[in-house]
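Visitor: I am new to reading structures, and I would like a close look at the place where the ligand sits. Could you take me through it slowly, and then show me what else can be picked out in the chain?

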Amino acid sequence: MVSRVRIAVVGVGPRGLSVLERVISHARSEGPPIELLLIEPGELGAGIHAPEQPDYLLLNTIASQLTIFSDEQMTPGAPVTVGPSFFDWCRARRSSVRFDDFLPRALLGKYLQWAARDLLSRTPARLQVHHLRTVALRVRPHGPGASVTLVNGTELHVDLAVVTTGHGLTTPEAADEVVGTPYPLPDRVAAIPAGTTVALRGTGLTSIDMIAALTVGRGGSFVDGRYLPSGAEPRIVLVNRCGWLPCARPVTPPDRRPAQPVHLTHAAVAELRAAAVHGRLDFRRDIEPLVHREALARMTSATAREIDTVERVLHPAEDSWPGYPQYTAALVDRARADLREAERGLGVSPVKEALEVLRDHREMLRAVVDPPGLTAESHRYFVADYVPLVNRAVIGPQKERMHELLALIAAGVVLPGPGPRPDLARTPTAWTLDSTRLRRPHRIAVDMVIEANLGGRTAVHGRDPVADSLRTWIGRYPGGHPLLDRDGFAVPRRGAAGPCAVAVLGPPAEGASYYNHYVPSPGVWSRVLTDLDRVLGRVIGVAPPAVRAL
Ligand SMILES: Cc1cc2nc3c(=O)[nH]c(=O)nc-3n(C[C@H](O)[C@H](O)[C@H](O)COP(=O)(O)OP(=O)(O)OC[C@H]3O[C@@H](n4cnc5c(N)ncnc54)[C@H](O)[C@@H]3O)c2cc1C
């Protein structure tokens with residue numbers, strides 16, 4: 001009698017759904033019976049992408065780059081479960097959808113919930129799936145397997161626990177417990193009175209979401225490139241460390257294929273690792289120059305001004321200005337210039353092509369961070385400084401949203417803060433923001449300050465008891481990130497038992513590895529699906545795919 005394999009998936013948003021998809025794909029072949037426990041208090045699949053959220057909250061990924069099914073390119077040589085990509089699914093319902101549309105996040109939530117039902121209707125005979133509609137509190141090793149403690153105290157013993165709690169609990173009860181987290185929107189900003197002045201700390205995608213909730217979400221509209229206020233808006237002041245707005249996403253030709261690297265190559269990184277103590281790289285010394293050379297290699301016919309633009313994004317200088325008017329004019333000019341490059345798009349704009357190196361060669365950056373990784377100081381630098389730089393350069397808002405932001409600035413609804421790194425202080429009646437980089441000092445008084453960035457947090461609604469429980473027994477990087485091996489298996493602190501049956505994937509793995517916040521893309525090699533095959537390979541008897549040589 002072959003013994004049954006029991007696997008728990010803790011949290012079933014998109015990442016947990018990928019575990020279901022991979023298990024279904026493998027369970028079609030011969031093997032032991034598998035019992036899959038899907039622990040998720042809500043509907044399966046949507047995770048952070050709640051189908052109920054307002055339509056003005058848009059995806060940051062174009063429609064054709066998202067899928068929850070698999071294909072031969074995503075997992076070469078492994079079994080697949082084919083199904084419609086998000087784009088195909090949307091097209092079947094609305095023929096006007098374009099491959100490069102940034103669609104509402106609510107629509108992705110509906111697709112993911114549909115995909116969960118579709119996958120569950122296709123489970124092979126040897127697989128039994130149970131949806132436990134409850135919250136898990138704790139996950140830890142237990143003998144050769146793992147134990148998962150549920151909120152009612154029940155302890156489940158499994159052969160493998162895959163932690164995919166993503167951005168934490170999405171239930172309203174959890175959201176109500178914490179103040180200061182940016183989501184869910186628009187609830188988080190509903191109490192901000194019209195006419196008050198509110199400072200948003202952060203100018204990335206979270207801030208763009210909040211601005212949408214406070215303007216269009218309050219009845220304002222954009223007509224012929226101008227903003228028509230509803231009168232229900234507060235005045236919004238934008239504050240961040242670097243003092244610049246993020247770069248807009250460029251137009252992307254449908255058939256674009258990134259060029260092969262010439263400097264940031266596997267051989268170059270392997271050589272550097274071989275020469276480094278314990279194989280640990282210094283990101284600033286070893287890798288940044290390669291990224292820089294790779295970007296310049298795409299600018300052979302660029303003008304000096306275009307090269308300067310790229311240099312300024314990749315190596316931000318500590319700028320200073322005579323006064324506030326000069327600073328705001330520079331900020332608007334730079335955003336307009338960036339928008340022109342975004343409109344020219346990839347393949348045409350050397351500026352956007354050069355910056356796109358950071359996206360095109362993301363797998364190489366991930367390989368650089370994977371064990372043996374970076375030196376401790378360099379790991380801190382990468383997480384605290386370089387990741388935000390990459391986000392500003394290539395994970396910015398859609399160009400339409402940047403046009404809207406400039407229209408809001410022109411309408412006086414949004415106000416640039418008083419330059420980079422302003423000093424924030426509390427007065428008896430309000431808050432003040434004082435410039436630190438303007439030669440003629442400038443102060444802006446605000447009624448309220450809101451964190452409009454996720455910082456290092458993954459739990460966007462403030463609560464992830466399982467990730468908290470992992471911190472009590474998993475080893476940590478100096479910056480506090482969990483210590484995981486290359487496949488995502490937890491590395492217990494010294495003294496704890498050996499190989500561990502707890503794997504962590506998706507946002508809670510961030511820091512241990514790089515770039516875990518995304519839904520897989522169809523038609524291209526998928527790290528998340530192949531990593532999952534390696535994790536599942538330990539218990540369901542399939543040969544784990546090799547770590548991909550880049
Ligand atoms: C505002 C925002 C916008 C984004 N936009 C995009 C985008 O446009 N494109 C893109 O590719 N990615 C986007 N992302 C990145 C995001 O990480 C992925 O899209 C995706 O949601 C990750 O899936 P996940 O399952 O790991 O996490 P989540 O989507 O957060 O799902 C986690 C699930 O785990 C459950 N859970 C959590 N804790 C427990 C517990 N203790 N017990 C039981 N269940 C639990 C939750 O209820 C939830 O269902 C965005 C992220 C945010 C925050």
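Guide: A polar contact is a pair of N or O atoms within 3.5 Å. With that cut-off in mind, and remembering that this is a predicted model, we can begin at asparagine 60, where a backbone N or O atom lies 2.6 Å from an oxygen atom of the ligand. Because 2.6 Å falls within the 3.5 Å cut-off, this pair counts as a polar contact. Isoleucine 48 also uses its backbone, with a polar atom 2.8 Å from an oxygen atom of the ligand, whereas glutamate 40 uses its side chain, from which a polar atom lies 2.7 Å from a ligand oxygen. Taken alone, the ligand would expose 980 Å², and the protein buries 96% of that area. Two elements give two or more residues each to the shell around the ligand, namely helix H1, which covers residues 14-27, and helix H15, which covers residues 465-471.

If we now consider the surroundings as a whole, there are 34 residues around the ligand, and those that come nearest are Glu40, His49, Asn60, Thr61 and His167. Sorted by class, the shell is made of 17 nonpolar, 14 polar and three charged residues. Glutamate 40 and asparagine 60 therefore appear twice in this account, since they belong to the group that comes nearest and, by the 3.5 Å cut-off, also make polar contacts with ligand oxygen atoms, at 2.7 Å for glutamate 40 and 2.6 Å for asparagine 60.

Leaving the ligand, we can turn to the sheets. Five strands form an open sheet with parallel pairing, in the order S3-S2-S1-S7-S17. Its edges are strand S3 (127-132) and strand S17 (502-504), each of which pairs on one side only, and neighbouring strands of this sheet are turned by 15° against each other on average, direction ignored. Within this sheet, strand S1 (residues 5-10) and strand S7 (residues 160-163) are joined in the parallel sense over four bridges, and isoleucine 7 has leucine 160 as its bridge partner in S7.

Another open sheet has three strands, in the order S4-S5-S6, and here the pairing is antiparallel. Strand S4 (136-142) and strand S6 (155-158) are the edge strands, each pairing on one side only, while the twist averages 20° from one strand to the next. S4 is joined to strand S5 (residues 145-150) by six bridges, and histidine 142 has glycine 145 as its bridge partner in S5.

Among the aromatic rings, the structure holds 16 pairs, and one of these is formed by tyrosine 324 and tyrosine 327, whose rings are tilted, at 6.4 Å centre to centre and with 45° between the planes. These two tyrosines are separated by about one helical turn because they are three residues apart in helix H9 (residues 324-344).

Finally, some details of the backbone deserve a careful look. The peptide bond from leucine 185 to proline 186 is cis, with omega near 5°, and proline 186 lies in the loop between helix H4 (172-177) and strand S8 (197-201). The bond from proline 371 to proline 372 is likewise cis, with omega near 5°, and proline 372 is found in the loop between helix H12 (362-369) and helix H13 (376-394). Arginine 421, in the loop between strand S12 (414-416) and strand S13 (423-426), has a phi near 40°, which is a positive value in a residue other than glycine.

Definitions and conventions
Residues are numbered from 1 along each chain as its sequence is written. This is a predicted model: local features need pLDDT of at least 70, side-chain atom pairs count only at pLDDT 80 or more; totals for chains, interfaces and linings use all residues. Side-chain values use heavy atoms; hydrogens and water are left out. A residue is near a molecule or strand if one of its heavy atoms lies within 4 Å of it. A polar contact is a pair of N or O atoms within 3.5 Å; within protein, one must be able to donate a hydrogen and the other to accept it, and residues adjacent in sequence count only if both atoms are side-chain atoms. Accessible areas come from the Shrake-Rupley method with a 1.4 Å probe; for residues, only the protein chains shown count as cover. Ala, Val, Leu, Ile, Met, Phe, Trp, Tyr, Cys and Pro count as nonpolar, Asp, Glu, Lys and Arg as charged, and the others, Gly among them, as polar. Two strands pair if DSSP finds at least two bridges between them. Axes are lines fitted to C-alpha atoms, for helices over the stretch in contact, and angles run from 0 to 180 degrees between N-to-C directions. Rings of Phe, Tyr and Trp (its six-membered ring) pair if their centres lie within 6.5 Å; planes under 30 degrees apart count as stacked, over 60 as edge-to-face and the rest as tilted.
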